[in-house]
Every structure is written in structure tokens, then in C-alpha cells.
Amino acid sequence: MTTFIWVAVVVVAVVALAAVAYLVLGQQQRRRHLRERFGPEYERAVAEHDNRREAEQELLDRERRHAELDVHPLTEESRDTYANRWTEVQERFVDAPGFAVTEADQLVTAVMAERGYPTQDFEERLSTLSVGHAATLDHYRTAHEISGRAARKEASTEDLRQAMVHYRALFEELLHETSRGR
């Protein structure tokens with residue numbers, strides 16, 4: 001009978017250890033997946049939340065919401081039209097840099113809308129874009145921040161030029177992406 005109890009204790013301990021290992025490995029795989037998918041946005045989310053678990057849950061929620069969208073590539077005709085419009089915006093920068101930055105923001109938003117991304121709110125745009133465009137999200141944040149300063153007449157011409165460069169990074173990625181997500 002004593003042998004049976006010891007065997008039972010060992011079996012329970014092994015099962016408990018296996019369960020813990022399974023949970024830890026699952027958590028590590030999820031964390032690795034999120035870091036690969038979101039890049040620098042992963043660390044930003046961790047810094048903005050009280051703990052890593054909340055941040056990771058937020059990122060998983062973003063993935064879930066993104067999966068529910070009908071994000072699709074642009075047609076060749078639309079890509080050509082937007083590329084031509086971008087060229088026009090850049091040409092206007094010489095004479096009206098502030099206006100060109102506003103147009104660049106509107107053009108990026110128009111491409112997002114046609115691709116199937118929600119565009120009502122800037123924070124929502126960031127959240128949705130973070131799933132497939134995390135690498136260029138900081139460009140978009142910076143461009144938006146400069147655009148806000150420009151609206152208040154607090155941005156230099158060099159700032160506005162930088163905003164155009166930042167907008168272009170996301171614009172090019174949205175324009176030429178051919179598959180859902182990234």
C-alpha cells in the first residue's frame with residue numbers, strides 16, 4: 001500500500017510539473033509571437049500598461065479585431081491613382097508645406113479607408129495598423145504629432161519635411177502591400 005501511495009504522489013507531481021511546463025511554454029510562445037508581430041509596439045504596450053499580461057491581452061485583442069476586418073490590397077488602378085496624388089502632394093510642398101502635410105495625412109487616411117481599415121479615430125487607426133504595420137507605426141505617430149504642431153503654427157519647414165518623410169513610409173507600405181496583414 002505504501003508503494004502505491006508513493007507512485008500516486010510521483011504521478012501527481014509529474015502531471016503537475018507537465019501542466020506548469022505546458023502553461024509556461026504556451027506563455028513564452030505567445031510572448032514570442034507578439035514580439036515578432038508587433039515589434040517595437042510590443043514594448044510600447046508593455047510600458048503603457050500596469051503589467052505585461054494586460055499589455056499582451058491588449059495586443060491579442062488588437063489581433064482579434066484586425067482579423068474581423070476586411071482588409072484587402074488596392075487594385076492596380078487605385079495604387080496608380082494614389083501614387084500620382086502623392087506626387088502632386090510632394091510637388092505642392094515647395095509652395096505650401098503646411099498644406100501639403102495636411103494633404104499627406106488625408107491621403108494616408110484615404111488609402112487606409114479603401115484598404116478596409118477603420119479611420120474614424122487616430123487611436124483606433126494606430127491600434128489597427130499596429131497588427132500589420134508595427135514597423136512603420138512610429139513614422140505615423142511622428143508625422144501626426146508634427147501635423148498637429150503645424151496646425152498650431154509651431155512647426156518649422158524642416159519639421160514639415162520630416163512629417164512628409166514619415167507619412168511616406170506608411171503610405172508606401174499601405175500602397176504596395178498585397179496580402180492581408182503582415
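What follows is a working chat about a predicted model and its helices, cores and single residues.

Biologist: What do I need to know before reading residue numbers and values?
Modeller: This is a predicted model, in which local features need pLDDT of at least 70, side-chain atom pairs count only at pLDDT 80 or more, and totals for chains, interfaces and linings use all residues. Residues are numbered from 1 along each chain as its sequence is written, and side-chain values use heavy atoms, with hydrogens and water left out.

Biologist: Start with the cores. How many residues does the largest nonpolar core have?
Modeller: The largest nonpolar core has 30 residues. A nonpolar core here is a set of buried Ala, Val, Leu, Ile, Met, Phe, Trp, Tyr and Cys residues joined through side-chain atoms within 4.5 Å. Buried means under 20% relative accessible area, exposed over 50%, and partly exposed in between, with a 1.4 Å probe and protein chains only.

Biologist: Which residues have the most contacts inside it, and which elements feed it?
Modeller: Those with the most contacts inside the core are Val108, Leu129, Tyr140, Met164, Tyr167, Phe171 and Leu174. Two or more residues each come from α4, α5, α6 and α7. Helices are DSSP runs of H or I with at least four residues, numbered from the N terminus.

Biologist: What does methionine 164 touch?
Modeller: Not counting residues up to four places away in sequence, methionine 164 touches Trp86, Val89, Gln90, Phe93, Ala100, Val101 and Ala104. Contact means heavy atoms within 4.5 Å.

Biologist: What is in the second core?
Modeller: The second core is separate and has eight residues, including Leu34, Phe38, Ala45 and Val46.

Biologist: Back to α7. What span should it have, and what does the model give?
Modeller: Helix α7 covers residues 157-176, and at 1.5 Å a residue its 20 residues should span 28 Å. Its end C-alpha atoms are 28 Å apart, which agrees. The expected span is 1.5 Å times one less than the number of residues.

Biologist: What covers its buried residues?
Modeller: The cover for the buried residues of α7 includes α4 (76-93), α5 (97-115) and α6. Among those buried residues are Leu160, Ala163, His166 and Glu173.

Biologist: And arginine 168, buried or exposed?
Modeller: Arginine 168, found in helix α7, counts as partly exposed at 31% relative accessibility. Leaving out residues up to four places away in sequence, arginine 168 touches Trp86 and Gln90.

Biologist: What about α5, what span does that helix have?
Modeller: The 19 residues of α5 should span 27 Å at 1.5 Å a residue, and the end C-alpha atoms are 27 Å apart, which agrees. The buried residues of α5 pack against α4, α6 and α7. Glu103, Asp105 and Arg115 are among those buried residues.

Biologist: Where does threonine 109 sit, and what does it touch?
Modeller: Threonine 109 is in helix α5, and it is buried, with a relative accessible area of 17%. Leaving aside neighbours within four places in sequence, threonine 109 is in contact with Thr119, Arg125 and Tyr140.

Biologist: Which residues have a positive phi?
Modeller: Glycine 116, just after α5, takes a positive phi of about 110°. Lysine 153 also has a positive value, near 65°, in a residue other than glycine. Most residues other than glycine have a negative phi. Lysine 153 is in the loop between α6 and α7 and counts as exposed at 75% relative accessibility.

Biologist: New topic: how do α2 and α6 cross?
Modeller: The axes of helix α2 (residues 40-48) and helix α6 (residues 122-151) come within 8 Å and cross at roughly 75°. The two helices are therefore roughly perpendicular to each other. Axes are lines fitted to C-alpha atoms, for helices over the stretch in contact, with angles from 0 to 180 degrees between N-to-C directions. Under 35 degrees counts as roughly parallel, over 145 as roughly antiparallel, 65 to 115 as roughly perpendicular and the rest as oblique.

Biologist: Which residues make that contact?
Modeller: From α2 they are Pro40, Glu41 and Arg44, and from α6 they are Ser130, Ala134, Leu137, Asp138 and Arg141. The set divides into three nonpolar, one polar and four charged. Ala, Val, Leu, Ile, Met, Phe, Trp, Tyr, Cys and Pro count as nonpolar, Asp, Glu, Lys and Arg as charged, and the others, Gly among them, as polar.

Biologist: Last one: where is alanine 67?
Modeller: Alanine 67 is in helix α3 (residues 52-67) and is exposed, with a relative accessible area of 53%. Alanine 67 and threonine 128 are 61 residues apart in sequence and 9.8 Å apart in space, C-alpha to C-alpha.
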